[in-house]
Amino acid sequence: TPPAFYPARSFPGGARIAVLTVEPVGVLDYLAPEGGVAQGQLVLVPLGPRRVLGLVMGEGAGDFDLAKLRPVARVLDAEPFDARFLEFLTRAADYTLTPLPLMLRMATRAPDLDQPPAARRAIVPGGDPPSRMTEARERVLQVLADHGGAGFAPSELAQLAGVGTAVVKGLVAAGTLAEVEAPRDLPYPRLDPSRPGKPLDADQRAAADALRDAVRTGGYATTLLRGVTGSGKTEVYLEAVAECLARGRQALVLLPEIALSAEFIDRVEARFGARPGEWHSGITRTERRRLWHMAGRGDVGLVVGARSALFLPFRDLGLIVVDEEHDSSYKQEDVVYYSARDMAVLRASINGAQVVLASATPSLESWVNAGTGKYRRLDLRSRYGTAELPDMAAIDLRAEEMPSGRWISPTLAASVESRLAKGEQSLLFLNRRGYAPVMLCRACGEQIACHQCDARMVEHRFQNRLICHQCGESRPIPLACPSCKVEGKLAPIGPGVERIAEEVAARFPDAKATVLSSDLFHSARALKETIADIANGDTQIIIGTQIVAKGHNFPRLTLVGVIDADLGLQGADLRAAERSFQLMRQVAGRAGRQGGAAPGVAMLQTHQPDHPVIRAILGGEDEAFWNAEAAGRQATGMPPFGRLAGIILSHPDLGIVTGFARHLAAHAEPLEQAGAQLWGPAPAPIARIRGRHRVRMLIHAPRQAPIQAAIADWLAPHKPPTNLRLSVDIDPQSFL
Ligand code: ADP
Ligand code: ZN
């Protein structure tokens, strides 16, 4: 059955319009313009003295006086949202307990949406080759070629290419580029799905055929595509993308990290002969607006993006791939709390689309869903070609000579030394930004803390500052203790990546080392360039935080050393073991991807070599680990066998926030009636952020309990004090 792109009904009288202001107003009735408006249309409506964005939800409530309604000011020049997209947004709002207008705003993030379509100046190819070619000019021409002549404004084009506007102007003067009155948006170049992919091996072939069949048959299903790093999951799901494009439907690939998108986009271009649309924080306003409109018009076949790409108004989405589906960046914990993985499944089930969840280390949720048959599971059992999985070994720190101020054990150092001798790369992994997590005064014992958070200041020596990782506040590193005023007694305690880099510089003075930590890069471009340099073999020792764990392909890397394998094992978090396991598996998977002469080794420095997580990693017993984790969660009724919701209340005054939390807890009958239990209130794990005291409650319920409705009933009658913020996190990923 062909999907209903346009709702049949339009509303000539009054229409119900969701008003999408910054603070959600709700759904109001307005007078439709001559000829009516259709459901899903974007409009401008008057609200008080302002004109604000609105979305037509349906026919007006009926018993109003038409003469008293304020009229819709303008119908916007955008494709109306189709009925399925509206259903998705409505159900996503219900599931996450988000006010509908706030959820609708996630779907209308196109710059200048409310502006009348005005002619713009735009740069397009002109024709004449320049008489003089420079590196800067080449970059400009490359950007334009990469984006299919998107027609950027001069300043935007210059920004994308990382050059001054004068370079663009120079190319216009030379006749190589032309400045024209541009149509607002241009379609994306078509990808050619009939081009052959790489010849697949037997496992890959079987998985690719199964996915192609599923896409061909149409309808909804979710598949967990599991395979170790380097097994060819990307090659396989690109086959599903090809099938989807061949059927004239759109495909979306979600990636956890924009820095990964560069490599991925090159692969798409090699496979399909053109570049996909890109949606993430690193794109320009022109690209953002263009992609949003083209998604709605069906004029972009494949979109690659961050989690928010899930809220693009696709005309006919047939496939959603969630790559590295276990990655915690798929969970948004700000304004709207949602899991992009779960929302992908919801959107696909409404759209009759396929979902592919790809990972070497699936989330426990997906693993359990595959076990019960809710998801299908496809396995790629080995690395592609001759590449083998790295050998895994523990370094028992209790048996190593570790003088204070040193974190690289003699055994690990010897391994690094031998890689240096062979011209191979080593990666030292420590999931901690900065130089030292604690600054201690040896005179009075004070640990320097943030003024406005319940958190210690982290020393960032490369920037010569102390930084709070909760609120971002920073100050110069002081000479004297802020508490006892004694000078020269402040000492860094424990290592961060910068301190490991210092140790590397001291112990391997001739080696070229690179630190990969998100805070050391000011733009996505700089990070991408560094990653490309590393892949080209431009560095010998990489020292990195968790950004190195995510999917990068470093062909010369043959040694991974985990500086502190015990770091994530402790802690009350339900997912501590799962997360540690995933992170260490992923980071170890960076080693030895090239195969042949350079197999990889991963070494875990640990004080507890017998810890179940460490043993599971060393023994390659992934399934045994997941099954044991699952059994533990089942026994305690924890997710995914039971349900959790987190409630965080915050207020500058501790008494007010505690008082209101106790008041709510004393009226929890709706929760009890639904079979749910309330835990708390208690101080949140980070009890104060930006001067606001934080109190947490957890709601625990059996799997089938109507938890959203119960929470809504519970909270509705209680008016929070002024300036109190309350957020509800359904299925929290961290314990906030
Ligand atoms: P994963 O996504 O599972 O980490 P990739 O799809 O990135 O794996 O594949 C790992 C590497 O092996 C890539 O460089 C990819 O191009 C290569 N590769 C995988 N399968 C094939 C194949 N069938 N033919 C040629 N190269 C392949
Ligand atoms: Zn702070």
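Which residues does UniProt list for "binding site" in the unreviewed entry, alongside a separate listing of the same name? One listing there gives Cys-450, Cys-453, Cys-468 and Cys-471; UniProt positions follow the numbering used here, feature names are shortened, and annotations may be inferred rather than shown by experiment. The four cysteines span 22 residues in sequence, yet no two of their C-alpha atoms are more than 8.7 Å apart, so they gather at one spot. The model is a predicted one, in which local features need pLDDT of at least 70 and side-chain atom pairs count only at pLDDT 80 or more, while totals for chains, interfaces and linings use all residues. Residues are numbered from 1 along each chain as its sequence is written, with chains lettered from A and ligands numbered from 1 in the order in which they are written.

Within this group, Cys-450 sits in the loop between strand S21 (438-441) and strand S22 (458-460); helices (H or I, at least four residues) and strands (E, at least two) are DSSP runs, numbered from the N terminus. Cys-450 has 24 other C-beta atoms within 10 Å and is therefore buried. The cut-offs are 20 or more other C-beta atoms within 10 Å for buried, 12 or fewer for exposed, and anything in between for partly exposed, with C-beta atoms placed from the backbone. Leaving out residues up to four places away in sequence, Cys-450 touches Ala-455, Met-457, Cys-468, Gln-470, Cys-471 and Glu-473, where contact means that the C-beta atoms, placed from the backbone, lie within 7 Å. Its partner Cys-468 is found in the loop between strand S23 (465-467) and S24, and is likewise buried, with 21 other C-beta atoms within 10 Å. Beyond four places in sequence, the contacts of Cys-468 are Cys-450, Cys-453, Ala-455, Met-457 and Glu-473.

The other UniProt "binding site" listing, also from the unreviewed entry, names Cys-441, Cys-444, Cys-481 and Cys-484. Here the span is 44 residues in sequence, yet no two of the C-alpha atoms are more than 8.5 Å apart, so this set gathers at one spot too. Cys-481 belongs to the loop between strand S24 (474-476) and strand S25 (490-493), and Cys-484 lies in the loop between S24 and S25 as well. Burial separates the pair: Cys-481 counts as buried with 21 C-beta neighbours inside 10 Å, whereas Cys-484, with 13, counts as partly exposed. Among the contacts of Cys-481 outside its sequence neighbourhood of four places are Cys-441, Cys-444, Val-486 and Leu-490. Cys-484, on the same basis, touches Cys-441, Ala-443, Cys-444 and Glu-446.

Turning to the ligand, 14 residues surround ligand 1, and Lys-198, Gly-232, Lys-233, Thr-234 and Tyr-384 come nearest; a residue is near if its C-beta atom, placed from the backbone, lies within 6 Å of the molecule. Helix H7 (residues 233-246) supplies the largest share of this shell, 3 residues. By class, the shell holds 3 nonpolar, 7 polar and 4 charged residues, counting Ala, Val, Leu, Ile, Met, Phe, Trp, Tyr, Cys and Pro as nonpolar, Asp, Glu, Lys and Arg as charged, and the others, Gly among them, as polar.

As for helix packing, helix H3 (residues 135-146) and helix H5 (residues 165-173) meet at an angle of about 80°, with their axes 10 Å apart. Axes are lines fitted to C-alpha atoms, for helices over the stretch in contact, and angles run from 0 to 180 degrees between N-to-C directions. H3 and H5 are therefore roughly perpendicular to each other, on a scale where under 35 degrees is roughly parallel, over 145 roughly antiparallel, 65 to 115 roughly perpendicular and the rest oblique. Ala-136, Arg-137 and Val-140 in H3 meet Val-167, Val-168 and Leu-171 in H5, a contact with 5 nonpolar, no polar and 1 charged residues.

A few backbone details round things off. The peptide bond from Pro-639 to Pro-640 is cis, with omega near 5°, and Pro-640 falls in the loop between helix H17 (622-636) and strand S30 (642-651). Gly-680 and Pro-681 are also joined by a cis peptide bond, with omega about 5°; Pro-681 is placed in strand S31 (residues 677-689).

Notes. Contact = placed C-beta atoms within 7 Å.
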